[in-house]
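Work through the exercises below with the structure open beside you, and try each task before reading its solution.

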Amino acid sequence: MIAIIGRPNVGKSTLFNRLVGKRLALVDDTPGVTRDRRAGDARLGDLRFTILDTAGLEEADARTLEGRMRAQTEEAIADADAVIFVVDARAGITPSDSHFANLLRRTETPVILVANKAEGRAGEPGLYEAFGLGFGEPIALSAEHGEGLSDLYDALLPIVDAADAVDAASELEAVDNLDVNVDIDPDAEEEDKGPAAGTKEKPLRVAVVGRPNAGKSTLINRLLGEERLLTGPEAGITRDSISVDWIWRDRHVKLFDTAGIRRKARVQEKLEKLSVADALRAIIFAEVVIVTLDATMSFEKQDLQIIELCAREGRAIVIAINKWDLIEDRSEAMQKLNDAAERYLNQIRGVQIVTLSGLHGRGLDKLFEAAFKAYDMWNRRISTSRLNRWLDGVLVHHPPPAVAGRRVKLRYITQAKARPPHFIVFCSRPEALPESYTRYLVNGLRERFEMPGTPIRLSYRKGENPYAAKAKKRNIQ
């Protein structure tokens, strides 16, 4: 693992994005955009390695936000196989650069010195100044324009090769330590073990979203069992959507921490707009979304808008009521939550609500039991025969209303896709069906086929049963 470090606004995130080949990290002219550590799979020529973007190093009291950011960066330095120390060639060497160079000299982690923004003559003076930091010849680089990457490759090659060799030796040692003295019965039938050895389970992608200061990062830290993400009393600490891998009961999960989403009218600064856009992307690419609410002020207007957004995007949803340890009368609070859900969440009626305390680690197993259950329902497929038996019963007990004296005929229903479940009804005049009857059908599907809380898509097509002709042909034959 290679960590990119340096003071704020020297181009660390731009270099990170260049090496991973995607715009994963937020980039802006404002200093201090990056706050959490972000890992990515980097490629440079034929080299493959993990790269870590970090917060800008600043001198600050450990109790402040900047101090906690620095502690995260120092932890990354300690864990890395090497660090890329980035300075700004155009700005020259500042006292902060010199201070942190002294810090790096006290560590055993190898250091590669990079003078970024070195394109053109404006960067030459700063490039020569960088020799004075004591890390040998600096690499002249332009992360924005991709210049100097061949020199970075030459510097990284021996480090990545050495790290790969250590990993290979560790794997070989683990294999040598396996107990291979197993009695094999040649007459025994081979047991079905499921996926073949070596196949990798695809992780469940879970985005944790909510308003600022709802406790999203604290919750994820408690799940991981370490202070992986920056937390504190300040609202809006998280800016990037940070992904971390986690194992829950032998199931692989990729967790996405996201920036708090405020009301659109309140989001004025460009940086916050970028953060919110990053959070929205995390929702779109997630499979399950855990909408985190503050128990002391739950189901406010912004909470409902976030839930509606997740339902509109068709994600599997679980509502986490965090900070439950702060509630005194829990039975009364639970009744209010259930009443609010019944009143406001018609589009995902029956969604699972889990109370928990991210700070104290209570209710976390229940949360992920609910998440995997929501995922299973989100993937549910129902046979066409069962759907049409259900539709026949619906038409007997509650046929669609007559419009202009003519009744709309519902002829056939089938499931087009899952993730989320999407059903198509073939009927005579789809444009004449009122919205209330569509809601009736959706709620009926949800109740009959046990899909509470799952966003359900229902669309209509004009025409006959597409399988009627085939059935008629079979009967003739």
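**Exercise 1.** In this predicted model, find the salt bridge between the side chains of Glu369 and Arg249, and work out where its two partners lie.

*Solution.* Begin with the distance: the side chains of Glu369 and Arg249 come to 3.1 Å, N to O, and because a salt bridge requires a nitrogen within 4 Å of a carboxyl oxygen, the pair qualifies. Next, place the partners: Glu369 belongs to helix 10, while Arg249 sits in the loop between strand 8 (242-248) and strand 9 (251-257), so that distant parts of the chain, 120 residues apart, are linked. Finally, consider accessibility: Glu369 has 38% relative accessibility and therefore counts as partly exposed, since that class lies between 20% and 50%.

**Exercise 2.** Describe the length of helix 10 and name residues of this helix that are buried.

*Solution.* Helix 10 covers residues 364-378, which makes 15 residues, and from its first C-alpha to its last it reaches 21 Å, close to the 21 Å expected at 1.5 Å a residue. Its buried residues include Leu364, Leu367, Phe368, Ala371, Phe372 and Tyr375. When reading such a list, remember that an α-helix has 3.6 residues a turn, so residues three or four places apart point the same way.

**Exercise 3.** Which parts of the chain are tied together by the salt bridge between Asp278 and Arg38?

*Solution.* The side chains of Asp278 and Arg38 meet at 3.8 Å, N to O. Asp278 lies in helix 7 (residues 270-285) and Arg38 in strand 2, so the pair ties together parts that are 240 residues apart in sequence. Both Asp278 and Arg38 are buried, and together with Arg281 they are linked in a network of salt bridges.

**Exercise 4.** Follow strand 2 into its sheet, and decide what its neighbour is and how its side chains are arranged.

*Solution.* The open sheet has 6 strands in the order 2-3-1-4-5-6, with mixed pairing, and strand 2 (38-44) is one of its edge strands, pairing on one side only. Strand 2 pairs with strand 3 in the antiparallel sense over 7 bridges, and in this pairing Arg38 stands opposite Asp53. The two strands form a hairpin with 2 residues between them, where Gly45 in the turn has a positive phi of about 65 degrees. In a regular strand the side chains alternate between the two faces of the sheet. For strand 2, the covered face holds Arg38, Gly40, Ala42 and Leu44, whereas Ala39, Asp41 and Arg43 are on the uncovered one.

Methods: Residues numbered from 1 in each chain as written. Predicted model: local features only at pLDDT ≥ 70, side-chain atom pairs only at ≥ 80, totals over all residues. Heavy atoms only, no water. Pairing = 2+ DSSP bridges. Helix = DSSP H or I, 4+ residues; strand = E, 2+ residues; numbered from the N terminus. Buried < 20%, exposed > 50% of the residue type's maximum accessible area, 1.4 Å probe, protein only. Expected span 1.5 Å × (residues − 1).
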